[in-house]
Amino acid sequence: MSGSIHVGLAAMGAGIGVGLTGLGAAAAVGRNPGAATPILVQAILAIAFTEAIVFYALYLLPH
Amino acid sequence: MQHCFFSRLSLLIFALCGGCIFATSTFAAEVEPAVPLKPDELVHIGKFAITNSMLVTWIVAAGIIVFAQLATRKIQVIPSGAQNFWEWLVESLYNFLESIIGRELVRKTFWFFATIFIFILFVNWFGLIPGVGTIGWGHHDPATGVFHVDRPLLRGGNADLNMTTAMAAIFFVLWIIWAIQANGVGGFLLHIFGPKGETSGFLKLIMVVIFFMVGWLEVISILFRPISLSFRLFGNVYAGESILEAMSNMVPMLSWLIPIPFYFMELLVGFVQALVFMLLTAVFTLLIAQHPPSHEPQH
């Protein structure tokens with residue numbers, strides 16, 4: 001096996017993480033639609049930090 | 001394959017200013033993806049190359065400027081037609097941003113976020129117009145007799161990593177300026193390295209050390225923001241173009257039918273990515289431009 005397996009794993013983890021964030025955000029808006037804007041900000045931030053893991057895997061490890 | 005793909009992507013970043021161009025040969029076309037990673041050169045002016053992505057960027061920018069000027073040439077109290085459209089667009093953007101980053105900050109930074117949203121949105125959607133990527137110079141495939149476009153005249157503007165990196169870099173500079181304007185250099189550093197939360201005594205000392213270390217993590221995460229911003233936009237638009245290309249070539253008889261659902265998905269993706277770019281930059285600005293919590297009244 002060759003290639004950047006760590007990037008693939010990071011992308012898989014980030015995908016799961018983004019999905020969980022979206023799940024939580026959607027559930028939260030469903031419970032309290034009035035708080036949609038603050039929830040959106042929190043969700044966007046969390047998704048950005050989760051996604052960044054893929055870029056760490058891409059650039060911080062030699063491949 | 002994956003390895004080669006990403007090492008070339010990182011190469012592209014370093015070749016940003018040089019406009020370094022690799023030669024595409026017909027042999028490489030079998031190994032390379034259907035849509036090349038880099039835009040193709042159209043004209044050379046000295047060392048400066050004009051690429052098909054740049055052409056699209058300029059067409060869209062000129063279109064937006066002309067349309068906005070025409071729409072607001074005769075401002076009426078009761079807007080109608082094009083003026084109404086622009087007022088609706090700008091006003092809804094303003095109210096939306098105000099609800100997220102607050103009244104003071106939106107007054108100062110609205111110009112940037114609105115421009116970036118409108119520009120990215122129209123560049124993304126312009127790339128979906130039939131003819132982009134399919135009109136250009138090419139050759140007849142001797143085996144099948146099908147005409148194959150090698151050098152399209154137009155290519156989606158954000159399907160070029162140079163463009164998205166430029167926007168992310170401009171935001172990064174502005175972000176530093178806005179942060180220092182809001183809190184000063186000391187406040188900016190304190191915001192990153194300073195201790196958060198309420199502690200006292202010996203625990204406070206430990207917290208200062210811990211948060212100083214956390215600050216370095218914060219610095220790394222901040223430095224990665226322009227990279228993730230540019231790659232997110234580029235990756236989504238480029239992947240979208242590749243999907244459309246692949247779907248068009250899958251079944252030659254049905255090449256007019258199969259891409260249609262994907263065109264609708266790309267309309268959605270183009271909007272969502274413009275929104276995400278604007279929201280992320282706005283939230284990053286909000287986070288750093290917030291005044292230190294110690295000045296706020298305690299609850």
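Two residues are in contact here if their C-beta atoms, placed from the backbone, lie within 7 Å. The views below show a predicted model.

**View 1. T134(B) sits in the loop between helix 5 and strand 3 of chain B.**
Leaving aside residues up to four places away in sequence, T134(B) touches V149(B) and P152(B). R151(B) is 17 residues from T134(B) in sequence, and their C-alpha atoms are 9.0 Å apart. Around T134(B), 13 other C-beta atoms lie within 10 Å. A residue is buried at 20 or more such atoms and exposed at 12 or fewer, so a count in between means partly exposed. T134(B) is therefore partly exposed.

**View 2. Strand 3 (residues 136-140) and strand 4 (residues 147-152) of chain B pair in antiparallel fashion.**
Five bridges join strand 3 of chain B to strand 4 of chain B. G138(B) has V149(B) of strand 4 as its bridge partner. V149(B) is also one of the residues touched by T134(B). Six residues lie between the strands of this hairpin. G145(B), in the hairpin, takes a positive phi near 80°.

**View 3. Strand 1 (residues 41-45) and strand 2 (residues 48-51) of chain B run antiparallel.**
Four bridges join strand 1 of chain B to strand 2 of chain B. The bridge partner of V43(B) in strand 2 is I50(B). This hairpin has two residues between its strands. G46(B) in the hairpin takes a positive phi near 65°.

**View 4. Helix 3 (residues 52-71) of chain B crosses helix 4 (residues 81-101) of chain B at roughly 115°.**
The two axes come within 8 Å. The angle makes helix 3 of chain B roughly perpendicular to helix 4 of chain B. Their crossing is left-handed. Helix 3 of chain B contributes A68(B), L70(B) and A71(B) to the contact. Helix 4 of chain B contributes A82(B), Q83(B), F85(B) and W86(B). By class, the contact of helix 3 with helix 4 of chain B has six nonpolar residues, one polar residue and no charged residues.

**View 5. Helix 6 (residues 161-193) of chain B meets helix 7 (residues 202-250) of chain B.**
The axes come within 7 Å and cross at roughly 155°. Helix 6 of chain B and helix 7 of chain B are therefore roughly antiparallel to each other. The crossing is right-handed. On the helix 6 side, the contact residues include L161(B), T164(B), A168(B), F172(B) and F193(B). On the helix 7 side, they include F211(B), G215(B), E218(B), R225(B), L229(B) and F234(B). The residues of this contact between helix 6 and helix 7 of chain B divide into 13 nonpolar, four polar and two charged.

**View 6. Helix 6 of chain B also packs against helix 8 (residues 260-289) of chain B, with axes within 8 Å.**
Here the axes cross at roughly 20°. That makes helix 6 of chain B roughly parallel to helix 8 of chain B. The crossing is left-handed. Helix 6 of chain B brings F171(B), W175(B), W178(B), A179(B), A182(B) and H191(B). Helix 8 of chain B brings T281(B), F284(B), T285(B), I288(B) and A289(B). The contact of helix 6 with helix 8 of chain B has eight nonpolar, three polar and no charged residues.

**View 7. I116(B) lies in helix 5 (residues 103-126) of chain B.**
I116(B) touches M167(B), F277(B), M278(B) and T281(B), again without residues up to four places away in sequence. T281(B) is also among the helix 8 residues that meet helix 6 of chain B. I116(B) has 19 other C-beta atoms within 10 Å, so I116(B) is partly exposed. S248(B) is 132 residues from I116(B) in sequence and 31 Å away in space, C-alpha to C-alpha.

**View 8. Chain B is set out along its sequence as α-α-β-β-α-α-α-β-β-α-α-α.**
Chain B has eight helices and four strands. Of its 299 residues, 24% count as buried. Among contacts in chain B between residues at least 6 apart in sequence, 63% join residues at least 24 apart.

**View 9. Chain A and chain B each give 14 residues to their contact.**
On the side of chain A that touches chain B, helix 2 (residues 36-60) of chain A supplies the largest share, nine residues. By class, that side of chain A has eight nonpolar, five polar and one charged residues.

Terms used. Residues are numbered from 1 along each chain as its sequence is written. Chains are lettered from A and ligands numbered from 1 in the order in which they are written. This is a predicted model: local features need pLDDT of at least 70, side-chain atom pairs count only at pLDDT 80 or more; totals for chains, interfaces and linings use all residues. Ala, Val, Leu, Ile, Met, Phe, Trp, Tyr, Cys and Pro count as nonpolar, Asp, Glu, Lys and Arg as charged, and the others, Gly among them, as polar. Axes are lines fitted to C-alpha atoms, for helices over the stretch in contact, and angles run from 0 to 180 degrees between N-to-C directions. Angles under 35 degrees count as roughly parallel, over 145 as roughly antiparallel, 65 to 115 as roughly perpendicular and the rest as oblique. A crossing is left-handed if the near helix is turned anticlockwise from the far one by less than a right angle, and right-handed if clockwise. Two strands pair if DSSP finds at least two bridges between them.
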